[in-house]
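Subject: Structure for you to look at

Hello,

Here is the structure I promised to hand over. Please open it first, then read my notes below.

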Amino acid sequence: MDFPEPHIHAPRQTHTHTVIFLHGRGSNGPEFCEDLFTSLTSSLKNLPDTLPSWRWVFPTAKTRHSSRFQEDESAWFDSWSVDNIEEKQELAVDGLRESVSHITKLLTDEIARLDGDARRVFLGGISQGMATV
């Protein structure tokens, strides 16, 4: 199964920067975008209002089977414990390889959109998304 298409929030002005932001386990790109964009900055604006020339890319992880919870969920990789990340680490390897490859392709595409200027592309995440970054 391929990764779902990322949720894109296009810039309102001429595109100058891109943010690729990865969600946590159990979420997805559109849901994370909505949660993030309903937050306000200190100037009482949301992020797209504050940074109108920025393109926002919210990828969605594949649906994976959780070995710990015995259910399918959106996750960048499988993991056994958030309390002891060394426990059953081998579960994460294949998913991390796949996810990092996918994110590397997104980075390459976004850098190309900005005429090869990697300094204007930012990568971040929360929770399992940050662990993948």
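Start with the sheet, bearing in mind that this is a predicted model. The sheet is open and has four strands, in the order β1-β3-β2-β6. Their pairing is mixed. At the edges sit β1 (7-9) and β6 (121-125), each of which pairs on one side only. From one strand to the next, the twist averages 15°.

Look at the β1 edge. Strand β1 is joined to β3 (residues 54-58) by three bridges, and the two run antiparallel. Within this pairing, isoleucine 8 stands opposite valine 57 of β3. A helix also packs on the sheet: α1, residues 29-37. Helix α1 touches β1, β2 (17-22) and β3. The direction of α1 makes about 135° with that of β3.

Next, the cores. Which residues make up the largest nonpolar core? There are 12 in all: Phe3, Ile20, Leu22, Val57, Ala61, Trp76, Phe77, Ala92, Ile103, Leu106, Leu114 and Val121. Two elements, β2 and α3 (93-113), give two or more residues to this core. Apart from it lies another core, of nine residues. Val19, Phe21, Phe32 and Trp56 are among them.

Leucine 114, a member of the largest core, is worth a click. Leaving out residues up to four places away in sequence, leucine 114 touches His15, Thr16, His17, Thr18, Arg120 and Val121.

Then the aromatic rings. How many aromatic pairs does a search of the whole structure find? It finds seven. One pair to view is phenylalanine 32 with phenylalanine 58, which is edge-to-face. Their centres are 5.8 Å apart, with 85° between the planes. This pair links distant parts of the chain, 26 residues apart. Phenylalanine 32 belongs to helix α1, and phenylalanine 58 to strand β3. Are these two buried or exposed? Both phenylalanine 32 and phenylalanine 58 are buried.

The ring pairs also build a cluster. Its members are Phe21, Phe32, Phe37, Trp54, Trp56, Phe58 and Phe122. Phe21, Phe32 and Trp56 from this cluster are also among the residues of the nine-residue core.

One last spot: tryptophan 80. Lysine 88 lies over the face of the tryptophan 80 ring, at 3.7 Å from the ring centre.

Best wishes

Notes: Residues numbered from 1 in each chain as written. Predicted model: local features only at pLDDT ≥ 70, side-chain atom pairs only at ≥ 80, totals over all residues. Heavy atoms only, no water. Pairing = 2+ DSSP bridges. Axes fitted to C-alpha atoms, helices over the stretch in contact; angles between N-to-C directions. Contact = heavy atoms within 4.5 Å. Core = buried A, V, L, I, M, F, W, Y, C linked by side-chain atoms within 4.5 Å. Buried < 20%, exposed > 50% of the residue type's maximum accessible area, 1.4 Å probe, protein only. Phe/Tyr/Trp six-rings, centres within 6.5 Å; stacked < 30°, edge-to-face > 60°. Lys NZ or Arg CZ within 6 Å of the ring centre and 35° of its normal.
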